Amino acid sequence: MPALHQFLPALAPRDAIGAHTMKVREVLRAHGVESEIFAGEVHRDLRSEARSYKDWAGGTPMLYHAAIGCALGDWIAHRDEPLLLDYHNITPPEFFEAWNPETGLLLAQGRAQLARVAPRAHAGLADSHYNACELVQFGLSDTTVVPVFIDPSRWGAIDRECRDQLRRTKRGTDWLFVGRLAANKAQHDLVCAFALYRSVWDPGARLWLVGGTSAGPYQIALEGLIERLDLGDSVRLAGSVPPGELGAYFDAADVFVCLSDHEGFCVPVIESMWWGKPVVAYAATAVPETVGDAAVLLEHKDFAAVCAAVDRVAHDRALRDALVERGHGRVDLFAPERTADTLLRALGHAGVLG
């Protein structure tokens, strides 16, 4: 039986890379390939899903999911087994240097490790063409785009009490963004654009920012910005929320607004489309290829232009309906069975399926 064991820095709940890794294992096993998951760290809730990479016996092909610097990355660099590399993007460290230097150092370490590991891998996978181009620049020319696995069957839970409370208190257009609080996600720009929208377009509007924090000082600065702009209760930093509460925010929102400066794929825009919500997004890094023609894309992050786009999407029914319809098409394009076929073709090309 052919084997392809997977390695990643950490396996944790509610993590797109971890979920992707477990889905890859499922697809491999369904096609007769032995596959186990080995990680640098394993969350206590997922101990039945993976083991420490230190327990691996060696001798078979490896699939390494590169996302951040870690001891595992150095260990991978010194192995001599056949290696495939799945690149999930490593955020440029300068986004974290002012807010969380430790994370910035890990990101810099991850890019340095990638520069050592990529040339020795005999094939690469990447979530997007944007990531594939980066991987080629790191020295791995034989790279295939295999999107991150998206599983809509895990979406749809709604905390009805939370959803109903959001609806009862609605006074205007409700903006939503989902993503960890981090400078590269540019929640600060969202807050500034939203402040202009409240003052000129819609004084009853609200902004919901859902996601945990990657840098405490950035969150503190963001809270200070909200206070200085006198936004009061109109901006909610919801933090990391359970699936039902996340579903309530998606269901109650009018528009998903993404002004992120750096994304390797951006799963939440596809999740928003699944919920039937129109998307307004800044056309940076991998976002344009992820959303395709199913979003209003902004070439420049001009706050007035952001507001005008959001207001049009919120009130132009024909445009809104067209975006929602196209959004469902994007969701279908990233259906797990399609991604599985793409993955198997890529692995067949790499010669690891026997």
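**Exercise 1. Find the element that supplies the largest share of the lining of the second largest pocket.**

Before you start, a word on the model: it's predicted, so local features need pLDDT of at least 70 and side-chain atom pairs count only at pLDDT 80 or more, while totals for chains, interfaces and linings use all residues. Residue numbers start from 1 along each chain as its sequence is written, and side-chain values use heavy atoms, with hydrogens and water left out.

Step 1. Get the terms straight. On a 1 Å grid over the protein atoms alone, a pocket is an open set of points with protein on both sides within 12 Å along at least five of seven lines; a cavity is a set where a 1.4 Å probe fits but cannot get out; lining residues have an atom within 4 Å of a point. Points are joined across faces, edges and corners, and a volume is the space filled by probe spheres set on them.

Step 2. Go to the second largest pocket, which holds about 190 Å³. Thirteen is the count to work with: of the 13 lining residues, V145, P147, L333, F334 and T342 are the closest to the centre.

Step 3. Sort the lining by element. Helices (H or I, at least four residues) and strands (E, at least two) are DSSP runs, numbered from the N terminus. Two or more residues come from each of helix 10 (287-291) and helix 13 (336-350). Helix 13 gives the largest share, with three residues.

Step 4. Check the chemistry. Ala, Val, Leu, Ile, Met, Phe, Trp, Tyr, Cys and Pro count as nonpolar, Asp, Glu, Lys and Arg as charged, and the others, Gly among them, as polar. This lining has five nonpolar, five polar and three charged residues.

**Exercise 2. Search the whole structure for cavities of 30 Å³ or more, and say what lines them.**

Step 1. Count them: the search turns up two.

Step 2. Take the largest cavity, with about 50 Å³ of space. Its lining is Y64, A66, A67, I68, I90, G110, Q113, L114 and V117. Strand 4 (62-66) and helix 3 (101-117) each give at least two of these residues, and helix 3 has the largest share, with four. The class tally is seven nonpolar, two polar and no charged residues.

Step 3. Move on to the second largest cavity, at about 40 Å³. L84, A123, G124, L125, D142, T144, A346, H349 and A350 line this one. Strand 6 (123-126) and helix 13 are the elements that give two or more residues here. This time the tally reads five nonpolar, three polar and one charged.

**Exercise 3. Work out how helix 6 (residues 187-200) sits against helix 7 (residues 216-228).**

Step 1. Compare the axes, which are lines fitted to C-alpha atoms over the stretch in contact, with angles running from 0 to 180 degrees between N-to-C directions. The angle is about 5° and the axes are 10 Å apart. That makes the two helices roughly parallel (angles under 35 degrees; over 145 is roughly antiparallel, 65 to 115 roughly perpendicular and the rest oblique).

Step 2. List the contacts (heavy atoms within 4.5 Å). From helix 6 come Q187, H188, V191 and C192, and they meet Y218, L222, L225 and I226 of helix 7. By class, that's six nonpolar, two polar and no charged residues.

Step 3. Zoom in on H188. Apart from neighbours within four places in sequence, H188 touches A183, Y218, L222 and L225. Its C-alpha atom is 9.5 Å from that of Q219, 31 residues away along the chain. H188 counts as partly exposed because its relative accessibility is 26% (buried means under 20% relative accessible area, exposed over 50%, partly exposed in between, with a 1.4 Å probe and protein chains only).

**Exercise 4. Is helix 8 (residues 243-252) mostly covered or mostly open?**

Step 1. Count the buried residues: eight of ten, so helix 8 is mostly covered. They are G244, L246, G247, A248, Y249, F250, D251 and A252.

Step 2. See what they pack against: helix 5 (160-168), strand 8 (174-178), strand 9 (206-210), strand 10 (235-239), strand 11 (255-258) and helix 9 (267-274).

**Exercise 5. Describe the setting of N89 and T285, starting from phi.**

Step 1. Recall the background: most residues other than glycine have a negative phi.

Step 2. N89 has a positive phi, near 80°. N89 lies in the loop between strand 5 (83-87) and helix 3, and is buried at 7% relative accessible area.

Step 3. T285 also has a positive phi, near 50°. T285 is in the loop between strand 12 (279-282) and helix 10, and is partly exposed at 25%.
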